[in-house]
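Here is a short report on one protein model. Look at the structure first, then read on.

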Amino acid sequence: MRAMIAQCKAELLRTFRNKRFFMFSLIMPAIFYFIFSSTVGDNTEVGGVSWKAYYLMSMTVFGVVGACVNTLSIKFAQERTQGWLRMIEITPLPSSAYVLSKIVSHSIINLVTIIFMFLLGGLVKGVELTLLQWVGCGLWIWLGSLPFMALGLLIGTCKTVEVTQVVAQIIFMGSSVLGGLWFPTQAMPKIMQTIAQYVPTFRYGQGAWNIISGVGLTWSGVLILIGYGVVFVVLSSYILQKQKAA
């Protein structure tokens, strides 16, 4: 237990010293939020919800996905290519504890992103939601990040860190645009709206949008996210086993 806690602390320290984390998970979402919420205007509504509240959820999800897909994948790729995973195998720390420390530490990191964005929207932009909506959205975004952690680990199995960086950036930006995080899917062409229904980032953001609009979570969205998470875990486990055997 102590070894796992020490591993979690090390993961947190590495992340908070990482400029990439601050750029993709805090600074970029905050800048985008201020630019687009101010450009469109506070009186605009999307699906009966004020634009500044709607876009706050979009950018919070964007920041969390950035931490999972960019930060986590690159850290994992670095550790793997440097032989850190092989070293773990000859230490008293079980492999399960190593993986669990990744999940726990990154969950804390995601929580920091959520709190930061919510404080920004509530205190600076004056987003008004009920306590139940704030808590509900926060819990959904926090728990819904698990499939994207699995995606980050999957991307981290790429052969080199350089390839991981490119793949992570393409998937992060591509899924953010297609998933309606940069602008609502209602403004997209019909074909892109159809594609968005199957993009995990759309289902992730949709949960938060539904909560603030009073609709609530949909089982289809939850099941699609769980399905993606299972696929990502299975693929990353299979690839790691193949690399280990090579």
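F183 is partly exposed, with a relative accessible area of 35%. This residue sits in the loop between α8 (161–178) and α9 (190–196). Its partner in the comparison below is F36, 147 residues away in sequence. Their C-alpha atoms are 9.0 Å apart in space. The model is a predicted one.

**Overall layout**

The protein has 11 helices and 2 strands. Read from the N terminus, the order of elements is α-α-β-β-α-α-α-α-α-α-α-α-α. Of its 246 residues, 49% count as buried.

**Pairs far apart in sequence**

F183 is one of three residues listed here with a partner elsewhere in the chain.

| Pair | Separation in sequence | C-alpha to C-alpha distance |
|---|---|---|
| F183 and F36 | 147 residues | 9.0 Å |
| S236 and L154 | 82 residues | 4.6 Å |
| L146 and I103 | 43 residues | 8.0 Å |

S236 belongs to helix α11 (residues 219–245). S236 is buried, at a relative accessible area of 7%. The cut-off for buried is under 20%, so S236 qualifies.

L146 is part of helix α7. Its relative accessibility is 42%, and L146 therefore counts as partly exposed: that class lies between the 20% and 50% limits.

**Helix α7**

What is the setting of helix α7 (residues 146–155), mostly covered or mostly open? Helix α7 is mostly covered, with 8 of its 10 residues buried. The buried residues are P147, F148, M149, A150, L151, G152, L154 and I155. L154, in this buried set, is also the residue whose C-alpha atom lies 4.6 Å from that of S236.

**Helix α6**

Helix α6 covers residues 131–143. Its 13 residues should span 18 Å at 1.5 Å a residue. The end C-alpha atoms are 18 Å apart, so the model agrees with the expected span. Seen down the axis of α6, the buried residues fall within an arc of 165 degrees, and therefore line one face of the helix. They are Q133, W134, C137, G138, W140 and I141. On the other side of α6, L131, L132 and L143 are exposed.

**Cysteines**

C137, one of the buried residues of α6, has a relative accessible area of 0%. C158 is buried too, with a value of 19%. The limit for buried is under 20%, so C158 still counts. How many disulfides are there? The count comes to 0. A disulfide would need a pair of cysteine sulfur atoms within 2.5 Å.

**The second largest pocket**

The second largest pocket holds about 180 Å³ of space. Which residues line the second largest pocket? They are V46, G47, V49, Y54, T185, Q186, F202, Q206, W209, N210 and S213. By type, the lining divides into 5 nonpolar residues, 6 polar residues and no charged residues. Which helix gives the most to this lining? That is helix α10 (residues 200–213), which supplies 5 residues.

**In brief**

Helix α6 has buried residues that line one face and exposed leucines on the other side. Helix α7 is mostly covered. The second largest pocket has no charged residues in its lining, and helix α10 gives the most to that lining.

Technical notes: Residues numbered from 1 in each chain as written. Predicted model: local features only at pLDDT ≥ 70, side-chain atom pairs only at ≥ 80, totals over all residues. Heavy atoms only, no water. 1 Å grid on protein atoms, 1.4 Å probe; cavity = no way out; pocket = protein on both sides within 12 Å on 5 of 7 lines; lining within 4 Å. Points joined across faces, edges and corners; volume = space filled by probe spheres on them. Helix = DSSP H or I, 4+ residues; strand = E, 2+ residues; numbered from the N terminus. Nonpolar A, V, L, I, M, F, W, Y, C, P; charged D, E, K, R; others polar. Expected span 1.5 Å × (residues − 1). Buried < 20%, exposed > 50% of the residue type's maximum accessible area, 1.4 Å probe, protein only. Arc of directions from axis to C-beta.
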